[in-house]
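Take a moment with the sequence and the model below. Then follow one strand outward to the rest of the fold.

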Amino acid sequence: MRTLQVHFSNRQQPDQTLSAGVQRIVRHASGQVRLGDGSVGPLLLAQFCTDQRGVWLQVASGVRGIHVNGRPVRRMALLRAGDSVYADGTEMLLRGECEQLAHAPELPDEPGEDLRVLLRGVGGRHHGRSFTLDKPRVVGGDAASDIIIDDPAFPAQQVRLERHGERVLLRDLGSAEGSVVNGVPVRHCWLQSGDQVVFEGNHRFVLEVPLGQASAMQAFPVPDEPLPAPAQAPVPEQPRRARRWPWLLLSALLLGAAISALLMFGAR
């Protein structure tokens with residue numbers, strides 16, 4: 001069972017766990033952006049809405065300047081571990097879990113050949129592209145890499161993604177700063193379906209595994225009681241449309257009778 005934490009990049013606040021329900025993102029009179037406690041006074045910017053489906057970001061009516069991974073959000077966005085939420089210049093990083101390793105195992109002799117295990121780009125140059133993991137894939141700035149990160153400061157070889165049976169290993173190849181998985185800096189770690197890997201802040205990838213191989217995971221426990229619905233502006237009730245067909249039928253009958261009378265009297 002996975003949990004997510006909100007990590008403030010400016011470190012003005014401690015990490016806070018996203019529990020089931022609604023947690024408000026507010027701006028106080030001092031200008032500080034933080035997770036609110038529901039009290040009246042601070043300006044509501046957005047809110048995290050968490051249930052058994054996952055985490056949603058809902059932007060308050062009329063508020064601008066809310067971004068997820070550098071892209072503006074006007075109303076709602078579905079979030080995953082590793083996403084960066086910006087509100088009024090404050091970055092909130094959603095951190096999840098990842099199985100880190102002190103030492104990576106040896107490269108397997110027979111890597112998995114399932115072409116349905118994919119690394120899908122969700123940000124940066126490779127957005128929308130998918131890379132099969134039927135063989136080890138090297139991520140780096142070198143032209144010989146399988147997944148090329150076109151950045152002069154990026155290492156020639158950053159990591160290698162390997163299949164170890166039903167598991168996928170992210171192996172660090174000696175980079176200076178490592179990588180980020182689900183918002184957590186790592187060197188070597190086992191990846192699970194849905195894990196987000198980020199290189200250089202904006203090159204984002206998500207691991208996709210066939211449903212039969214992915215373990216049954218829930219982002220949060222299913223509560224016994226229904227969760228409060230996200231706050232939304234009331235929708236005005238639309239007036240009911242009266243049924244018009246009886247009146248149209250009566251009008252047609254009257255028009256037909258009038259035409260028949262004109263024809264009858266006009267013929268005499």
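**From one strand pair to the whole chain**

Start with V55: its bridge partner in strand 9 is L79. That pair belongs to a longer match. Strand 6 and strand 9 run antiparallel and are joined by four bridges. Keep in mind that this is a predicted model.

Now look at the other partner of V55. T50 has V55 as its bridge partner in strand 6. Six bridges join strand 5 to strand 6, and these two strands also run antiparallel. How many residues does the hairpin use to join strand 5 to strand 6? Two residues make that link.

Is strand 6 mostly covered or mostly open? Mostly covered: five of its six residues are buried.

Next, find the nonpolar residues. In soluble globular proteins, nonpolar side chains tend to be buried together. Here, the largest nonpolar core has 25 residues. V6, I25, F48, L57 and L79 have the most contacts inside it. L79 is already familiar as the partner of V55 in strand 9. Several strands each supply at least two residues of this core, including strand 1 (5–8), strand 5 (43–51), strand 6 (54–59) and strand 9 (76–79). Strand 10 (84–87) and strand 11 (90–95) are also among them.

Zoom in on V6. Leaving aside neighbours within four places in sequence, V6 is in contact with residues including P14, L18, L35 and F48. M92, L93 and L94 are also among its contacts. Another core lies apart from the core of V6; this other one has 23 residues, among them V117, L133, V184 and L207.

Move on to a second set of strands. An open sheet of six strands has the order 12-21-18-17-15-16, with mixed pairing. Which strands form its edges? Strand 12 (99–101) and strand 16 (147–148) do, and each pairs on one side only.

Step inside this sheet to strand 15. Three bridges join strand 15 to strand 17 (residues 159–164), and the two run antiparallel. V138 stands opposite R160 in strand 17.

G140 also lies in strand 15, which covers residues 137–140. Why does G140 count as buried? Its relative accessible area is 0%, and buried means under 20%. Look at what surrounds G140. Beyond neighbours within four places in sequence, its contacts include S145, I147, I148 and I149. F154, P155, A156, Q157 and Q158 are in contact with G140 too. Compare sequence with space for one more residue. G140 and F199 are 59 residues apart in sequence, yet their C-alpha atoms are 9.6 Å apart.

Now cross to strand 21 (residues 188–191), where H188 lies. H188 counts as buried because its relative accessibility is 14%. A polar atom of its side chain lies 3.1 Å from the backbone nitrogen of D172. Not counting residues up to four places away in sequence, H188 touches E99, Q100 and L101, among others. L170, R171 and D172 are also among the residues that H188 touches.

Finally, step back. The protein chain has one helix and 23 strands. Of its 268 residues, 38% count as buried. The chain exposes about 16,200 Å², and carbon and sulfur atoms supply 53% of that area. Among contacts with a separation of 6 or more, 46% come from residues 24 or more positions apart.

Methods. Residues numbered from 1 in each chain as written. Predicted model: local features only at pLDDT ≥ 70, side-chain atom pairs only at ≥ 80, totals over all residues. Heavy atoms only, no water. Buried < 20%, exposed > 50% of the residue type's maximum accessible area, 1.4 Å probe, protein only. Contact = heavy atoms within 4.5 Å. Areas by Shrake-Rupley, 256 points an atom, 1.4 Å probe, with all protein chains shown as cover. Polar contact = N/O pair within 3.5 Å; in protein donor to acceptor, adjacent residues only side chain to side chain. Core = buried A, V, L, I, M, F, W, Y, C linked by side-chain atoms within 4.5 Å. Pairing = 2+ DSSP bridges.
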